[in-house]
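Happy to walk through this one with you. Have a look at the model first, and then we can go through some questions about its rings, strands and internal space.

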Amino acid sequence: MATKYTLLYHPGTPGRGEFIRLALEAAQVPYSDPANASKEGAKEVYSLLGENVTYDAEGNPPPFAPPMMKIAGAGKKGGDLLLSQTPNILLYLGPKLGLSGEDEADVFFVNELTLTALDLCNETHDTHHPIAVMKYYEEQKEEALRRSKDFRESRIPKFLGYFERTLKGNKAGTGKYLVGSKLTYADTTLWHVVDGLYFAFPKEMEARKADFPVVLQDFYEGLKEETGIKAYLASGRRMKFSMCMFRHYPELDRQ
């Protein structure tokens, strides 16, 4: 059956595409993920990324990199709208999925908190690739050890402290939600980042639980009980972390 939303992302890894999946799963809205369905689906993704790709007939600019989202019938000329960049896709989907809060101000509060969570995601990636994205981890291991030490000691507590006080300060959310009294895509985004940190730095995160009990326990465990997320986690469709932003190298964790 055709779906309105098509997620275009690399096959076999959650990656940045998972931020989009979680929003759709939370809202229990059907979508297709062709790269994880067939080799032909993966070809569809990469066909949009060639050096000769430019504006298409619908007026969509060329995407720089996945994730991309194709929305059937939403284009300027009645065809497919093609969006890229994780926060941009979420900003578009949020109001349509009921995940952007209660009013116009909430839309932007949700966006800013999402961007902050994605900053933490980016910094996590840079712990294992601190010098060059295109070089192997083993080629920059010494620098990664130094970067990870600073990340664990300075950046993790800075970000978690921010989200801890944000969750506590949102009285309507009772420690469960970042904005207002119901789930938004800022929550699903932060949850995925925290889940990735538990994978990448399990010893560090375990040691931080007492310092940040709301974000690392109440919020993290509570979001798993949201209807759509609970069903998704139980389905077996959520891919395991692998060679993406969140990687586990024991030597980079707390010793």
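Q: Which residues form one aromatic cluster with Trp191?
A: Keep in mind that this is a predicted model. A search of the whole structure finds 7 aromatic pairs. One cluster brings Trp191 together with two tyrosines, and these are Tyr198 and Tyr220.

Q: Are the rings of Tyr198 and Tyr220 stacked, edge-to-face or tilted?
A: Their centres lie 4.9 Å apart, which is within the 6.5 Å limit for a pair. The planes meet at 40 degrees, which is neither under 30 nor over 60, so the pair is tilted.

Q: How many residues apart in sequence are the parts that the pair of Tyr198 and Tyr220 ties together?
A: Both tyrosines are buried. Tyr198 belongs to helix 6 (residues 185-200), while Tyr220 belongs to helix 8 (residues 213-223). The pair therefore ties together parts whose separation in sequence is 22 residues.

Q: What kind of pair do Tyr162 and Phe163 make?
A: The ring centres of Tyr162 and Phe163 are 5.1 Å apart. Their planes stand at 70 degrees, and since an angle over 60 counts as edge-to-face, the pair is edge-to-face.

Q: Is Phe163 buried or exposed?
A: Its neighbour in the pair, Tyr162, has 24% relative accessibility and so counts as partly exposed. For Phe163 the relative accessible area is 0%, and the cut-off for burial is under 20%. Phe163 is therefore buried.

Q: Which residue lies over the face of Tyr92?
A: Here the partner of the ring is a charged side chain rather than a second ring. At 4.2 Å from the ring centre, within the 6 Å limit, sits Lys96.

Q: What is the bridge partner of Met69 in strand 4?
A: Strand 3 (residues 68-71) runs antiparallel to strand 1 (residues 5-8), with 4 bridges joining them, and Thr6 stands opposite Lys70 there. Strand 3 is also joined by 4 bridges to strand 4 (residues 81-84), again antiparallel. In strand 4, Met69 is partnered by Leu83.

Q: How far apart are the end C-alpha atoms of residues 4-101?
A: UniProt lists this span as "domain: GST N-terminal" in an unreviewed entry. The span is 33% helix and 14% strand. Its end C-alpha atoms are separated by 22 Å.

Q: How much space lies in the largest cavity?
A: The structure holds 1 cavity of 30 Å³ or more. Its lining consists of Lys176, Tyr177, Asp218, Phe219, Gly222, Leu223 and Glu226. The space inside comes to about 30 Å³.

Methods. Residues are numbered from 1 along each chain as its sequence is written. This is a predicted model: local features need pLDDT of at least 70, side-chain atom pairs count only at pLDDT 80 or more; totals for chains, interfaces and linings use all residues. Side-chain values use heavy atoms; hydrogens and water are left out. UniProt positions are given in the numbering used here, feature names are shortened, and annotations may be inferred rather than shown by experiment. Helices (H or I, at least four residues) and strands (E, at least two) are DSSP runs, numbered from the N terminus. Two strands pair if DSSP finds at least two bridges between them. Rings of Phe, Tyr and Trp (its six-membered ring) pair if their centres lie within 6.5 Å; planes under 30 degrees apart count as stacked, over 60 as edge-to-face and the rest as tilted. Buried means under 20% relative accessible area, exposed over 50%, partly exposed in between (1.4 Å probe, protein chains only). A charge sits over a ring if NZ of Lys or CZ of Arg is within 6 Å of the ring centre and within 35 degrees of the ring normal. On a 1 Å grid over the protein atoms alone, a cavity is a set of points where a 1.4 Å probe fits but cannot get out, and a pocket is an open set with protein on both sides within 12 Å along at least five of seven lines; lining residues have an atom within 4 Å of a point. Grid points are joined across faces, edges and corners, and a volume is the space filled by probe spheres set on the points.
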